[in-house]
Amino acid sequence: MEPDPRRIHARVIKTITAGVTEYRFQLNNLINLYFKSSLVFDAVRLFQQIPSPNVVSWTSLISGHSNTPAALSHFISMLRHPILPNQRTLAILLKTCASISSLSFGLQLHALSIKLSIASEPFSASALIHFYSKSQLPNSARKVFDEMPQRDAVCFSSVIVGLAQNSKPIDALSYFAEMRACGFGSTDYSVSAALRASAELAALEQCRMVHAHSIITGLDLNVIVGTALVDGYGKCGMVNEACLVFDELVSIMNLVGWNAMMSSYAQQGDKDSVLELFSVMEFRGLAPDEYSFLSVMAAFCNKGLADETEHWFKKMKVEYQLEPWIEHYTCLVGAMGRAGRLEEAKNIALTMPNHKADAALWRSLLSNSAHHGNVEMVKEMSQRLQELDPQDDSAYVIAANAFSGAGRLNEVQEVRKLMRDRRVKKEGGLSWIEVCGQVHVFLAGDRRHEKTEKIYSKLADLMEKISKLGYVPVWDQMLHDVGKGEKIEALWYHSEKLALAFGLVADMAPPGKALRIVKNLRICRDCHEAFKYISRVVEREIIVRDVNRYHRFLDGGCNCGDYW
């Protein structure tokens, strides 16, 4: 329990015999005590009584108002006296700028730190890296780090965390490796950030290497690292490994860890395991939150169970008094759309309280409308999506193909003209595969890889073999004014097919080990169909993580049931 600062203050007043400098030192400490005791008014009044407040006095006042605009106001007053800030002052102010999203003030602080020659000092630099990371400017954060003449473990940790949080997984892992090579010790934050980066890439070998490192350093028993391991293995599709880590740490796991484990099962559409975990979690006294329900609903949605998804949506609102996020509505609308309840799904999207439908929600309804052949709904959803994001290629391509399938060729031409006028280009597919700890990235039609000739030769061989088994190309997401020869070539050289062919050419996996591919978009229907046949030809499991879910291809089938 903190001592009452008022008693200490009274004792200082009664016994004061020191000079101004020591008296000011005692009052500075008292200001901090007042703030810690939430006696803000007393702290400010005491500051006003300090004779000639120095930078420490001002920093104590600013610190007491951190993460509020008042901290910035006090800093401006400080400069007018004039007192110049030190590293600690700047660190508090930069953290405040990140918290209240004041980019312009933070940039001015950076400029001031350069003038004062403290921008590259470890304490200031770490704060700048944190500020730029929270402001979603990872390249600026990295520039600050790269310009540091001397780095420490805290700065390394800051840049690794910042890059991982801003979807720069390869850079985050690169700095993590550099930190280890420089001999700096890991922290729970740097290790969990490296695992987050591995999870985003679905780089299983990287995840395993970081796991091994955490065991050596003893950080594997840390709840933050443990949760990151569960999330990392789950997003790599290795649910059994995630479960092993979870079971080992279940006695210390908080709600975040339980949610990570449920999310791992949900991505696989394993509703039974999600429900079991949900029940056990409540039995242990943990109250489910919005993330918990999102996992449950996602599991049912991935299985195409609309009634169950709706049941849990209502349960969340009525029994648990939780306000749904737009992600919950997207799950519900997606499940209903998949079940063919398109009008009902649209009405929900239009009447959501506290939310306005976003591009992801309309895109879900657009895809489902096209799947069920409801061309009028396709037209409406396409227009709604275009209003929100005129550059979203799916709004045009899906509509054009739906119109073409219905014989409405005039509307196909209208959509194509809109694309030309708005200079909309179909987003390029990007896929990657990890071999021997190294991530190999492929674009559609990519010919930059050193093994390009072998990759294309292998792919041609595969396509020939699956054609004999009954594979028929699927054109539904290609523009209809492309010639047949161009269509075939374009389908053959999709990024996921090239990644798969490379995995087979590299042939580094032991017998029985799955080929694992990650894609930045939804896997197209043709690749999905081809992979089912290829899994039979190569007699291997093929796992693809696309933007929506995991697909496990084995013996000619996929665990998604051909709907995703």
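This report describes the overall build of the chain, one helix pair, the strands near the end of the numbering and one loop residue.

The structure is a predicted model, and its protein chain contains 29 helices and six strands. Along the principal axes, the C-alpha atoms of the protein chain fill a box of roughly 100 × 55 × 50 Å. The protein chain has 564 residues, of which 50% count as buried, and its accessible surface comes to about 26700 Å², with 52% of that area belonging to carbon and sulfur atoms. When contacts in the protein chain with a separation of 6 or more are considered, 64% of them are accounted for by residues 24 or more positions apart.

**A helix pair**

Two packed helices are described by the angle between their axes and the distance between the axes. For helix α5 (residues 69-80) and helix α6 (residues 87-99), the axes come within 10 Å and cross at roughly 145°, and the crossing in which α5 passes α6 is left-handed. On the α5 side the contact is made by A71, L72, F75 and M78, which meet T89, L93, T96 and C97 of α6. Sorted by character, the residues of this contact of α5 with α6 comprise six nonpolar and two polar residues and no charged ones.

**Strands β4, β5 and β6**

The pairings of β5 with β4 and with β6 are set out below.

| Strand pair | Direction | Bridges | Residues between the strands |
|---|---|---|---|
| β4 (residues 542-545) and β5 (residues 550-554) | antiparallel | four bridges | four residues |
| β5 and β6 (residues 557-558) | antiparallel | two bridges | two residues |

Within the pairing of β4 with β5, I543 has R552 in β5 as its bridge partner, and these two strands form a hairpin. On the other side of the table, F553 has C558 in β6 as its bridge partner. In the hairpin of β5 and β6, D555 takes a positive phi near 55°.

**A loop residue**

Is K356, which lies in the loop between α21 (342-350) and α22 (359-371), buried or exposed? K356 has a relative accessible area of 71%, and because exposed means over 50%, this residue is classed as exposed. Computed along the sequence, K356 and E380 are 24 residues apart, while in space their C-alpha atoms are 16 Å apart.

Notes. Residues are numbered from 1 along each chain as its sequence is written. This is a predicted model: local features need pLDDT of at least 70, side-chain atom pairs count only at pLDDT 80 or more; totals for chains, interfaces and linings use all residues. Side-chain values use heavy atoms; hydrogens and water are left out. Axes are lines fitted to C-alpha atoms, for helices over the stretch in contact, and angles run from 0 to 180 degrees between N-to-C directions. A crossing is left-handed if the near helix is turned anticlockwise from the far one by less than a right angle, and right-handed if clockwise. Contact means heavy atoms within 4.5 Å. Ala, Val, Leu, Ile, Met, Phe, Trp, Tyr, Cys and Pro count as nonpolar, Asp, Glu, Lys and Arg as charged, and the others, Gly among them, as polar. Buried means under 20% relative accessible area, exposed over 50%, partly exposed in between (1.4 Å probe, protein chains only). Accessible areas come from the Shrake-Rupley method with a 1.4 Å probe; for residues, only the protein chains shown count as cover. Two strands pair if DSSP finds at least two bridges between them.
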